[in-house]
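The following report describes a single chain, beginning with one side-chain pair and then widening to the fold as a whole.

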Amino acid sequence: MINGDSREFIDGLYYGDERFFLYNGKKYFVQGYYENEKPMLEVYILYPAENSFRWRAFSNDDSYPVAEFETAKIFDGKTFWEAEKEIEWIDC
């Protein structure tokens with residue numbers, strides 16, 4: 001991961017932390033929150049804005065669905081760990 005530690009990036013998602021990052025010319029945003037009393041994570045592409053919503057997962061327990069994020073093929077058909085060397089963690 002460029003500009004950060006990939007384990008720290010993932011660890012924060014267990015608490016629902018917001019993350020901004022770049023991948024393949026696109027600016028992404030991931031956040032966690034509760035909806036209908038279930039924890040969820042969702043990913044948006046902020047730039048280019050025409051494809052803003054990208055991915056969402058709910059959990060069946062009290063933890064955020066981080067494992068689902070790690071294995072989802074969100075990044076041009078790649079998982080987070082397949083793409084992480086090309087992901088740049090940014091402040092916003």
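## A glutamate and its partners

The side chains of Glu-42 and Arg-56 are joined by a polar contact of 2.7 Å, in what is a predicted model. Glu-42 lies in strand E3, which spans residues 38-47, and its side chain also makes a polar contact of 2.9 Å with the side chain of Tyr-33. Is Glu-42 buried or exposed? With a relative accessible area of 1%, Glu-42 falls under the 20% cut-off and therefore counts as buried. Leaving aside residues up to four places away in sequence, Glu-42 touches Phe-29, Val-30, Gln-31, Tyr-33, Phe-53, Trp-55 and Arg-56, so that the list of residues touched includes both polar partners, Tyr-33 and Arg-56.

## Backbone features

The loop between E3 and strand E4 (53-58) holds Pro-48, and the peptide bond leading from Tyr-47 into Pro-48 is cis, with omega near -5°. Elsewhere, positive phi values occur in Asn-3, where phi is near 65°, and in Asp-76, where phi is about 50°; neither Asn-3 nor Asp-76 is a glycine. The table sets out where these residues lie and how accessible they are.

| Residue | Phi | Place | Relative accessibility |
|---|---|---|---|
| Asn-3 | near 65° | segment before helix H1 (6-13) | 56%, exposed |
| Asp-76 | about 50° | loop between helix H2 (66-71) and helix H3 (80-83) | 41%, partly exposed |

Asn-3 counts as exposed because its relative accessibility of 56% is over the 50% cut-off, whereas Asp-76, at 41%, counts as partly exposed.

## The chain as a whole

The chain contains three helices and five strands, which follow one another along the sequence in the pattern α-β-β-β-β-α-α-β. For 92 residues, a compact globule would have a radius of gyration near 12 Å, and the chain agrees with this, having 12 Å. Taken along the principal axes, the box filled by the C-alpha atoms is roughly 35 × 30 × 25 Å. Of the 92 residues, 43% count as buried, and among contacts with a separation of 6 or more, 42% are made by residues 24 or more positions apart.

The accessible surface of the chain comes to about 5300 Å², with 45% of that area belonging to carbon and sulfur atoms. As for charge, the chain carries 10 positive and 19 negative side chains, and the centres of these two sets lie 6 Å apart.

Definitions and conventions
Residues numbered from 1 in each chain as written. Predicted model: local features only at pLDDT ≥ 70, side-chain atom pairs only at ≥ 80, totals over all residues. Heavy atoms only, no water. Helix = DSSP H or I, 4+ residues; strand = E, 2+ residues; numbered from the N terminus. Rg over C-alpha atoms; globule rule 2.2 N^0.38 Å. Buried < 20%, exposed > 50% of the residue type's maximum accessible area, 1.4 Å probe, protein only. Contact = heavy atoms within 4.5 Å. Areas by Shrake-Rupley, 256 points an atom, 1.4 Å probe, with all protein chains shown as cover. Lys, Arg positive; Asp, Glu negative; His and termini not counted. Charge placed at Lys NZ, Arg CZ, Asp CG, Glu CD. Polar contact = N/O pair within 3.5 Å; in protein donor to acceptor, adjacent residues only side chain to side chain.
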